[in-house]
Structures are given as C-alpha cells and as structure tokens.
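Please look over the sequence and the model below before reading on. The paragraphs that follow move from the chain as a whole to its strands, its interior and a part of its surface.

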Amino acid sequence: LFSSRRLLVVEEGLNQLPYTECTVTTPTGHKYEGVRFEKGNCGVSIMRSGEAMEQGLRDCCRSIRIGKILIQSDEETQRAKVYYAKFPPDIYRRKVLLMYPILSTGNTVIEAVKVLVEHGVQPSVIILLSLFSTPHGAKSIIQEFPEITILTTEVHPVAPTHFGQKYFGTD
C-alpha cells in the first residue's frame, strides 16, 4: 500500500511539471508519440522521512536533480529549526517537487518553503508531495503560502507520525 501511494503522489507531481511532446522510437523500431519533461525540474526531500519518496521519483524520472533539507521540530514548542540545506545551484530557476510524506502541523514544510524562498524559489513553482495530511497542516501551509500546490493521497485529522521510524527501522 505504501509503495502504491508513494508512486501515485510522485506520478501526479510529475504530471504537474511542464513537458513537450516528442516522438520516441522503441527498441523494435516503432514510433510512439510521447512526452519529455522540460529542463528545470528538481526534487527536494525534507530529511529524513522525505528521503523515502526519492526512489519513487527517481524510478519515474532518472535524471532529476534532488536537494536535501534537514529540519527538526522542538518536542515541546513544535518550532521547526533548519539544520542543513543543499540544493542545485540554480534552484531559483526550477520547479520544485518538495517531498514530505506526513504533513501534521505544517510547521516543518513552512520552514522548508521559507528556506527555498530565501534561495530565490517562488512559492508558485513548489509542489508539495505528501502521503498523509491533516486538515490543520494543509491550512497552515496555504495560509502562509497560498500559491503553493499540495498533492496528498489522504487528508485525515490524525497523521501517522511514526512513519520515519517505521520506514527506516529505527523504533
């Protein structure tokens, strides 16, 4: 179930990216009318749980550049703090697929978008890919950045916040 959800949200994110039509010649010599992504797309995973979505993105788009951002939330205050950010140098010219599977409060994503904006990325070119979202988290992000696109497979008042530990086996 997780793999199919991950792939669905990644594929829908890719559907939002600009493309051009092209003719593909198959190994058997047949012509096929297909599409090719335009240059200037990238993924950014919010570490650590966002990294679980990277392989799904690479499976669909092998050559895509991927940046990373590490944000930790304080257990008591829920304030998010950025510890690390590494992006393609020309990220300000790219469409960004921001990967974060569990959207709970929205604080981490808001902080990540602020860092992307500091690097010249317009919120209108950011597409958040999330597997599970709470209504509160989605509203918080939209209130702060109304231009952002949020794609999710499920909106529910309670988010499975143990996702990272389960996926990476660090209970």
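Of the 171 residues of the chain, 42% count as buried, where buried means under 20% relative accessible area, exposed means over 50%, and partly exposed lies in between, with a 1.4 Å probe and protein chains only. This is a predicted model, in which local features need pLDDT of at least 70 and side-chain atom pairs count only at pLDDT 80 or more, while totals for chains, interfaces and linings use all residues. Residues are numbered from 1 along each chain as its sequence is written, and side-chain values use heavy atoms, with hydrogens and water left out.

The chain holds five helices and nine strands, these being DSSP runs numbered from the N terminus (helices H or I with at least four residues, strands E with at least two). Along the sequence they follow the pattern α-β-β-β-α-β-β-β-β-α-β-α-β-α. The chain exposes about 9,800 Å², of which carbon and sulfur atoms supply 50%; accessible areas come from the Shrake-Rupley method with a 1.4 Å probe, and for residues only the protein chains shown count as cover. Among contacts (heavy atoms within 4.5 Å) between residues at least 6 apart in sequence, 61% join residues at least 24 apart.

A good place to enter the fold is strand β3, residues 41–47, where six of the seven residues are buried. Two strands are said to pair if DSSP finds at least two bridges between them. Strand β3 runs parallel to β6 (residues 95–99), to which five bridges join it, and Cys42 has Val96 of β6 as its bridge partner. Six bridges also join β3 to β4 (residues 65–73), again in parallel, with Met47 standing opposite Leu70 of β4.

What lies in the interior? In soluble globular proteins, nonpolar side chains tend to be buried together. A nonpolar core is here a set of buried Ala, Val, Leu, Ile, Met, Phe, Trp, Tyr and Cys residues joined through side-chain atoms within 4.5 Å. The largest nonpolar core has 24 residues, and Val44, Leu98, Val109 and Leu116 touch the most other members. Strands β3, β4, β6 and β8 (126–133) and helix α3 (107–118) each supply at least two residues of this core, and α3 gives the most, with six residues. Leaving aside neighbours within four places in sequence, Val44 is in contact with nine residues' worth of surroundings that include Gly67, Phe87, Leu98 and Leu116. Apart from this core lies another, of 18 residues, among them Leu17, Leu97, Leu131 and Ala159.Helix α3 is also the place of Glu111, which, neighbours within four places in sequence aside, is in contact with Ile71, Ala80 and Val82. Glu111 and Ile69 are 42 residues apart in sequence and 9.9 Å apart in space, C-alpha to C-alpha.

Elsewhere, seven bridges join strand β1 (residues 19–25) to β2, and the two run antiparallel. Strands β1 and β2 form a hairpin with five residues between them, and Gly29 in the turn has a positive phi of about 90°. Tyr19 has Phe37 of β2 as its bridge partner, and Val35 is found in β2 (residues 31–37) as well. Val35 is exposed, with a relative accessible area of 53%. Together, Tyr19, Val35 and Phe37 form a nonpolar patch on the surface with about 290 Å² of accessible area. Patches are made of residues with over 30% relative accessible area and no salt bridge, like charges being joined within 9 Å and nonpolar side chains (Val, Leu, Ile, Met, Phe, Trp, Tyr) within 5 Å; a salt bridge is a side-chain nitrogen of Lys or Arg within 4 Å of a carboxyl oxygen of Asp or Glu.
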